[in-house]
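Visitor: I am new to this structure and would like a close look at a single part of it. Could you pick one strand and walk me through it?

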Amino acid sequence: MRISDIEALHRLFAEVSAEGEFLLRAEPPPIEQMRAMLLRSLPLDLPQFIAEVDGELVGSIEIFPASFCGVEIGSGEDFGVLGMQVKKAHRGQGLGGRLMAAALEHCRRLDMGRVELTVLKSNLPAIRLYERFAFLWLEDLAPVSLPNGRADRPQKMRLLLD
Ligand SMILES: CC(C)(COP(=O)(O)OP(=O)(O)OC[C@H]1O[C@@H](n2cnc3c(N)ncnc32)[C@H](O)[C@@H]1OP(=O)(O)O)[C@@H](O)C(=O)NCCC(=O)NCCS
């Protein structure tokens, strides 16, 4: 990931959000907010990668420490929070798996103890990918209503790294 990727990254987030099926918001964060986050994260060498096909940015993953994201750390021990997306036309071709492998390898280099994520129960391709990498179900969260109007339920998943 480079700072010059910011426009393409924002387009990717906008496209996936607009599908209205996988994320709770139909719009991406403002580009200036995303740029500010990237300017903070890049110098820290955090696990974040993009997938490019023929020079086009078509996927991304980030695993940011909860402390970096401002997430409350109940257990007292910091952990990684994962987010990822691949453009619709490029899904199911293994890019998600390659992004995940690269990001987890980086987490291990950083001695991150565990990675957590939240995924909708209807999102079977994502859950299949996470289970392939040995993420385990942790808990169900409160039901939600998606931008496309459908009701769903998020679940938390966790991977312990050795
Ligand atoms: C989740 C996501 C990043 C995966 O990326 P991807 O490039 O498609 O990932 P891969 O091709 O490596 O793996 C997808 C897996 O889902 C499987 N799959 C595809 N459609 C499926 C379906 N309808 N039901 C169950 N599994 C399905 C594929 O077979 C593959 O598993 P396999 O490798 O064991 O065969 C991508 O689907 C995506 O961006 N979705 C929208 C955004 C999103 O959901 N982000 C995560 C939010 S928690």
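Guide: Here is a look at one strand, followed by the protein around it. Please keep in mind that this is a predicted model.

Let us start with strand β4, which covers residues 114–120. Is this strand mostly covered or left open? Strand β4 is mostly covered, with six of its seven residues buried. Buried here means that a residue has under 20% relative accessible area. For the protein, buried residues amount to 43% of the 162 residues.

Next comes a partner. Strand β3, made of residues 80–86, pairs with β4 in the parallel sense, and two bridges connect them. To find the place on screen, look for Gly-80, which stands opposite Val-115 in β4.

Now step back to the protein as a whole. Its secondary structure consists of five helices and eight strands. Read from the N terminus, the order is α-α-β-β-α-β-α-β-α-β-β-β-β. The radius of gyration is 15 Å, close to the 15 Å that the globule rule gives for 162 residues, so the protein is as compact as a globular protein of that length. The C-alpha trace spans about 40 × 40 × 30 Å along its principal axes.

Contacts tell us about the chain too: of those between residues at least 6 apart in sequence, 61% join residues at least 24 apart.

Finally, turn to the outside. The protein exposes about 9000 Å², and carbon and sulfur atoms supply 54% of that area. As for charge, there are 19 positive and 23 negative side chains, and the centres of these two sets lie 3 Å apart.

Technical notes
Residues numbered from 1 in each chain as written. Predicted model: local features only at pLDDT ≥ 70, side-chain atom pairs only at ≥ 80, totals over all residues. Heavy atoms only, no water. Helix = DSSP H or I, 4+ residues; strand = E, 2+ residues; numbered from the N terminus. Rg over C-alpha atoms; globule rule 2.2 N^0.38 Å. Buried < 20%, exposed > 50% of the residue type's maximum accessible area, 1.4 Å probe, protein only. Contact = heavy atoms within 4.5 Å. Areas by Shrake-Rupley, 256 points an atom, 1.4 Å probe, with all protein chains shown as cover. Lys, Arg positive; Asp, Glu negative; His and termini not counted. Charge placed at Lys NZ, Arg CZ, Asp CG, Glu CD. Pairing = 2+ DSSP bridges.
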